[in-house]
Amino acid sequence: MNNFKIRLADKIIEISAIHKYIADYCKEYISTGISDFSVQVTQSDINFEREKSKQEDIKENIPVRHFSDDYLETLAVYRKIADEMLGYNTILFHGSVVSVDNIGYLFTAKSGTGKSTHTKLWRKLFKERAIMVNDDKPLLRVTENGVTAYGTP
């Protein structure tokens, strides 16, 4: 097992992974300290992601893609983290978030629609005033003061 901790949305998460790839993938989020929660991935979690991906490809009427166990483990880790984060009023969202003057803007749509292109245009237009928060799967924490977007690997 590969054990390490990451910080996402102000929570420290201990991860027990099968493959080393996920630790490399999360290297910019590596942290220490007391864990708020932990996730452990098994081969059956990876197999679940493989089957889910296959069913989505069939539904979208595209050729079935064959992903490596390393990549599928990243999906399994994200799924487990997303499930746990619900208890902290935080959800994993599919979208691209850019912040301009400390206000976040979330663009969401089906894959391939142009979310990343759109936020790239905002960054070009607003220059240093625009900061990319996350380009694919941000975490969104909902509180009485509003919604805060956080980056993820």
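This report looks at helix 2 and at some salt bridges in the structure above.

The model is predicted, with local features requiring pLDDT of at least 70 and side-chain atom pairs counted only at pLDDT 80 or more, while totals for chains, interfaces and linings use all residues. Residues are numbered from 1 along each chain as its sequence is written, and side-chain values use heavy atoms, leaving out hydrogens and water.

**Helix 2**

Let's start with the helix itself. Helices (H or I, at least four residues) and strands (E, at least two) are DSSP runs, numbered from the N terminus. Helix 2 covers residues 43–59, 17 residues in total, and its first and last C-alpha atoms are 24 Å apart. That is close to the expected 24 Å at 1.5 Å a residue, where the expected span is 1.5 Å times one less than the number of residues.

Which residues of helix 2 are buried? They are Asp45, Ile46, Glu49, Ser53 and Asp57. Here, buried means under 20% relative accessible area, exposed means over 50%, and partly exposed lies in between (1.4 Å probe, protein chains only). These buried residues sit on the same side of helix 2, because they cover an arc of only 115 degrees around the axis; the arc is that of the directions from the helix axis to the C-beta atoms. Their packing partners are strand 3 (37–40) and helix 3 (69–85), with contact meaning heavy atoms within 4.5 Å. After helix 2 comes asparagine 61, which has a positive phi, near 60 degrees.

**Salt bridges**

Now for the charged pairs. A salt bridge is a side-chain nitrogen of Lys or Arg within 4 Å of a carboxyl oxygen of Asp or Glu. By this rule there are ten salt bridges, and the table includes three of them.

| Salt bridge | Closest N and O atoms |
|---|---|
| Lysine 20 and aspartate 24 | 3.0 Å |
| Arginine 50 and aspartate 69 | 2.4 Å |
| Lysine 137 and aspartate 136 | 2.8 Å |

What does the pair of arginine 50 and aspartate 69 tie together? Arginine 50 lies in helix 2 and aspartate 69 in helix 3, so this salt bridge links parts that are 19 residues apart in sequence. Arginine 50 is partly exposed at 33% relative accessibility, and aspartate 69 is partly exposed at 23%.

In the pair of aspartate 24 and lysine 20, aspartate 24 is partly exposed with a relative accessible area of 40%, whereas lysine 20 counts as exposed at 52%. As for the remaining pair in the table, aspartate 136 is partly exposed at 34%, and lysine 137 is partly exposed at 26%.
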